[in-house]
Amino acid sequence: MEGLYQEVLAITLRTLWISGTATILAISWSIPLSLILISSKNRISIFIQDLFNALISLPTVVLGLALYLILSKSGPLGFLGLLYTPLAISIGQSILITPILVSIITSSFQKLRDEVWETAITLGASEFQASIALLREGTLLLIRAILAGFNRAVGELGVALIVGGNIKGFTRVLTTTIALELTKGNFELAIYLGIVLLTLSTIVTVAIRSLGIRGAYR
Amino acid sequence: MSSKALIIMVLAIVLSVALLSLVYMLSTSGKQVVLRVSTTTSLYATGLLDRLADEFSKEHPNIVVQFIAVGSGEALRKAELGDADLVLVHAPSLARKYLEKGVIYGGRIFAYNYFVIVGPKNDPANIAGLDPIEAMKKIYEAGEKGYAKFVSRGDNSGTHVRELMLWRKAGLNPKGKPWYIETGSGMSQTLMVAHEYAAYTLSDIGTYLKFSSKLTELKVLVDKGDILVNIYSAYLVRESKNEKYAKKFIDFIVSDKGQEIISSYGGEEFGRPLFYPVKIASIEELKRMWNELAEE
C-alpha cells in the first residue's frame with residue numbers, strides 16, 4: 001500500500017509538472033498574440049479569433065495523431081527524438097490549450113477595455129489610474145484564462161497517450177494511468193485516481209469561479 | 001501589424017524557444033540508453049513485463065526499458081515508423097507480413113499460453129468442451145436464432161486476428177450481424193462487455209484469470225485445441241539504433257532466469273501460471289504451430 005501511495009503521488013506531481021510546463025509555454029505566446037489581435041481590428045485578426053474559437057473543441061486524439069506523425073522517427077521532426085518524452089506531452093498540451101487562452105483573453109480584454117477604461121475615465125480617474133484599474137482587472141482575467149487552460153491540459157487523455165506512450169515512471173500521467181488501470185481491470189485504483197484528478201480540477205475550477213466573482217464585484 | 005507588436009511577438013517566440021530547450025536539456029540529462037519496446041496490451045496488463053524489466057535492469061543498470069502498450073497491429077506499425085527498438089507480439093499472421101517487408105527480424109518465441117472461449121454460465125449455445133471451430137459454429141447458430149451474443153475486440157490485436165481466423169475456419173462471417181458486437185477496446189473492457197451482455201468472447205487466459213473475480217457471469221467453456229495456442233514472440237527492429245541492447249533484452253527473457261520469472265509469474269495469485277515458458281522440448285512444436293498460424 002505504501003508503494004502504491006508513493007506511485008500515485010509521483011504520477012500526480014508529474015502530471016502537474018508536465019501540464020504546468022504546457023501552460024507556461026502556451027502563456028508565453030498566447031498573451032502577446034492576444035494583445036496583437038485586440039490592438040489590430042482588421043479582417044485578418046477577426047478571422048484568426050474565429051479560427052481559435054473553433055479550435056477550442058479540437059479533439060485531443062486528432063491533435064495527438066498529427067503530433068505523433070510529425071514527431072515520429074519517420075516524420076519531419078523525428079530527428080529531435082521528442083516522441084515518448086514528457087516534453088512531447090507538454091508541447092502537445094500547450095498547442096491544445098492555446099486556442100482557449102487566446103479566446104478567453106481576447107474576448108474578456110476587449111470587454112474590459114470598453115467597460116473599465118471608459119467607466120474609470122467617466123468617474124474622473126486620471127489615465128494613469130484607469131490603466132491601473134485595467135491592469136488589476138486584467139490580471140484576474142488572465143489568471144482565469146491560465147487556470148482554464150491548465151485544467152484542460154491536466155484532464156486531457158489523447159495527446160498524453162499518443163505522444164507520451166504512457167511509459168511507467170516517465171510519461172505516465174493521471175489520465176493515462178486511469179486508462180491503463182481500466183485495461184488491467186483495476187477499477188478500484190482507476191476510481192481512486194479519478195478522484196485525485198477530479199479534486200485537482202475542482203480546486204482549479206473553484207479558483208476560477210472565485211476570481212470571477214471577485215472580479216465582477218469590483 | 002505595428003512594429004511594436006512584431007517585437008513583442010519575436011520576443012515571445014525567443015522566450016518560448018529558450019524555455020523549451022531548457023526543459024529539453026533537463027529531461028535528457030543522464031547517460032542511460034533508452035530501449036523502447038512496443039508490446040501487446042495483454043502481455044503488459046498482466047504486469048509480467050515490468051517484472052522482467054526490473055530484473056533486467058539489475059543486470060544492466062545502464063539500460064532503461066520503456067514499454068509502449070498497444071495492440072499487436074499498432075505495435076508492429078510503430079516498429080515500421082521507427083519508433084520502437086523491440087516488438088513483443090502474439091499475432092503470427094501479422095508478424096509474418098512485417099517479417100516479409102523486412103521491418104523486423106530475429107524472432108524468438110519466449111512464452112505461450114492459450115486462448116479460451118468464455119461465455120455465460122448457462123451456455124445457451126451449448127459449446128462447453130467442444131472443439132473450438134465447432135464451438136464457433138454453434139455460437140453462430142445460436143446467434144442467428146437470437147439465443148446468444150458474441151463480443152469481438154475489433155481492434156486488429158492478436159486476439160482479434162485469432163478470432164477472425166476461427167470464424168474463417170468455420171466458414172462463417174458474423175460481421176454486421178446484430179448479435180455480433182465489436183468493442184474496439186482492450187481485452188478487459190471486452191470481457192466486461194461480454195459479462196454485461198452475458199455474451200461469448202475469445203480471450204487470452206492471462207487477462208481472463210487476472211480479471212475473473214469481476215466476471216461472475218462468465219466461465220471458460222472451450223480451452224482445448226492447437227488452434228487456441230497463443231504464442232508470444234520478440235522481434236528486433238531493423239531501423240533501430242539500439243540493436244545491441246535490444247538483443248540483450250531478448251537474450252535475457254529467453255535465458256533460464258527470464259524463463260523462470262515467466263513460468264512462476266501469477267502462480268501465487270491465480271493458482272496457476274499465466275504464461276508457460278518455452279522449454280527445449282516444446283520449441284520445435286511451437287515453431288511449427290507458429291508457422292501454421294502465420295499461414296492464415
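Author: Quick bit of vocabulary: two strands pair if DSSP finds at least two bridges between them. Strands (E, at least two residues) and helices (H or I, at least four) are DSSP runs, numbered from the N terminus. The model is predicted, so local features need pLDDT of at least 70 and side-chain atom pairs pLDDT 80 or more, while totals for chains, interfaces and linings use all residues. Residues are numbered from 1 along each chain as its sequence is written, with chains lettered from A and ligands numbered from 1 in the order in which they are written.

Reader: OK, which residue in β3(B) is the bridge partner of B:Ser38?

Author: β1(B) and β3(B), residues 86-89, run parallel and are joined by three bridges. In β3(B), B:Ser38 has as its bridge partner B:Val87.

Reader: And which residue of β2(B) stands opposite B:Val34?

Author: β2(B) covers residues 63-70 and pairs with β1(B) in the parallel sense over eight bridges. Opposite B:Val34 in that strand stands B:Val64.

Reader: Why is β1(B) largely enclosed by the rest of the structure?

Author: A residue is buried if 20 or more other C-beta atoms, placed from the backbone, lie within 10 Å of its own (exposed: 12 or fewer; partly exposed: in between). Across the 296 residues of chain B, 45% are buried. β1(B), residues 33-40, is largely enclosed because, of its eight residues, the number buried is six.

Reader: How many helices and strands does chain B have?

Author: The C-alpha atoms of chain B fill a box of roughly 75 × 55 × 40 Å along the principal axes. Chain B contains 13 helices and 10 strands.
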